Amino acid sequence: MSTRLSAAALVAALALLPTGTAHAATTLSSGHVDVIDVDWTGSALTLDLRDGTASPAVDRDPSAVTLNAVPASKSTVPSSSAYAFLGAPGSTFWVLPQSQVNGVLWPGFDTAGVPTGVLLNNSLTVKLVSVTGPADFSVYTTGFGGSVSVWFDSGNGLPDSRALAIGGHAHANWAFEAAGTYTATFEVTATGATGGALTSGLKSYTFTVQP
């Protein structure tokens with residue numbers, strides 16, 4: 001009898017143990033998210049993902065998040081030669097846009113977590129180190145008069161780098177030239193105000209692009 005009671009007590013105790021779901025992967029398909037979120041710990045740069053769809057917003061490890069480009073993000077390459085990096089005019093691509101669109105992810109860059117004076121020239125560099133996926137991936141901005149500025153483009157060789165001022169927030173277009181799964185690896189680097197190289201280390205982000 002005592003043996004049976006002990007076994008029952010053990011089963012009950014095991015049922016109370018954590019299952020590991022606290023760190024389950026998160027999939028984001030719409031709303032505001034700072035994909036590149038740079039912070040300062042007091043001695044080091046960190047790179048994570050700021051999920052603005054949560055209330056309150058929360059920092060997440062990029063390796064635990066899947067960023068989903070839904071079918072509504074599908075578009076066609078404009079005829080202007082400024083968009084030639086995306087493929088032939090009229091061809092299909094998917095874009096997570098610079099301006100907010102309901103039902104589609106709105107990815108940004110945030111350096112507001114780095115205080116003034118800790119980095120040389122109050123500036124840091126975001127580097128796209130590598131991309132794997134079914135086709136090319138790029139990040140670009142559009143401006144008045146149809147101007148296009150390409151920040152990163154896996155189609156013309158990597159790594160690509162972009163300098164950003166600290167204390168800022170920006171949005172750009174994140175483009176994918178075929179449906180499928182992409183992994184984009186980023187790193188943030190800077191020089192400390194008193195010298196010395198700083199790095200966030202490599203962080204990989206997963207995107208799923210739906211046909």
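**A hairpin, two open sheets and an aromatic cluster**

Strands β10 and β11 make up a hairpin with five residues between them, and G145 in the turn takes a positive phi of about 75°. Strands, like helices, are DSSP runs numbered from the N terminus, with E over at least two residues for a strand and H or I over at least four for a helix. The model is predicted, so to speak of local features takes a pLDDT of at least 70, and side-chain atom pairs count only at pLDDT 80 or more, while totals for chains, interfaces and linings use all residues. Residues are numbered from 1 along each chain as its sequence is written, and side-chain values use heavy atoms, with hydrogens and water left out.

The two arms of the hairpin, β10 (residues 137-142) and β11 (residues 148-153), are paired in the antiparallel sense over five bridges. Pairing here takes at least two bridges found by DSSP between two strands. Within this ladder, T141 has S149 of β11 as its bridge partner.

Zooming out, the protein chain has one helix and 17 strands. It has 211 residues, of which 36% count as buried; buried stands for under 20% relative accessible area, exposed for over 50%, and partly exposed for what lies in between, with a 1.4 Å probe and protein chains only. About 10,400 Å² of the chain is exposed, and carbon and sulfur atoms supply 55% of that area (Shrake-Rupley method, 1.4 Å probe; for residues, only the protein chains shown count as cover). Of the contacts (heavy atoms within 4.5 Å) between residues at least 6 apart in sequence, 67% join residues at least 24 apart.

Back to the hairpin: both of its strands belong to an open sheet of five strands, ordered β6-β7-β14-β10-β11 and paired antiparallel. The edges are taken by β6 (74-76) and β11; each has a single partner strand, so one side of each has no neighbour in the sheet. On average, neighbouring strands in this sheet are turned by 35° against each other, direction ignored. The axes behind such angles are lines fitted to C-alpha atoms, for helices over the stretch in contact, and angles run from 0 to 180 degrees between N-to-C directions. Also in this sheet, β7 (residues 92-96) pairs with β14 (residues 173-176) in the antiparallel sense over three bridges, and W94 sits opposite F176 in β14.

A second open sheet of five strands runs in the order β4-β3-β2-β8-β13, and its pairing is mixed. Here β4 (58-60) and β13 (169-171) are the edge strands, each with a single partner, so one side of each is left without a neighbour in the sheet. Neighbouring strands are turned by 30° against each other on average, direction ignored. Strands β2 (residues 31-40) and β3 (residues 45-51) run antiparallel and are joined by six bridges, with V33 opposite D51 in β3.

Strand β9 pairs with two partners described here. With β12 (residues 160-165), β9 forms six bridges in the antiparallel sense, and T125 stands opposite A163 in β12. With β15 (residues 180-191), β9 forms seven bridges, again antiparallel, and K127 faces E187 in β15. The loop between β8 (105-113) and β9 (123-132) holds N121, which counts as exposed because its relative accessibility is 67%. N121 and A193 are 72 residues apart in sequence, yet 7.5 Å apart in space, C-alpha to C-alpha.

Aromatic rings turn up across these elements: a search of the whole structure finds 13 aromatic pairs. Rings of Phe, Tyr and Trp (its six-membered ring) pair if their centres lie within 6.5 Å, and planes under 30 degrees apart count as stacked, over 60 as edge-to-face and the rest as tilted. One of the pairs, F137 with W174, is tilted, at 6.0 Å centre to centre and 45° between the planes. This pair links distant parts of the chain, with F137 in β10 and W174 in β14, 37 residues apart; both F137 and W174 are buried. F152 and F186 make an edge-to-face pair, at 5.7 Å centre to centre and 85° between the planes. That pair, too, links distant parts of the chain, as F152 is in β11 and F186 in β15, 34 residues apart, and both F152 and F186 are buried. These four residues belong to one aromatic cluster, formed by F109, F137, W151, F152, W174, F176, Y182, F186, Y205 and F207.
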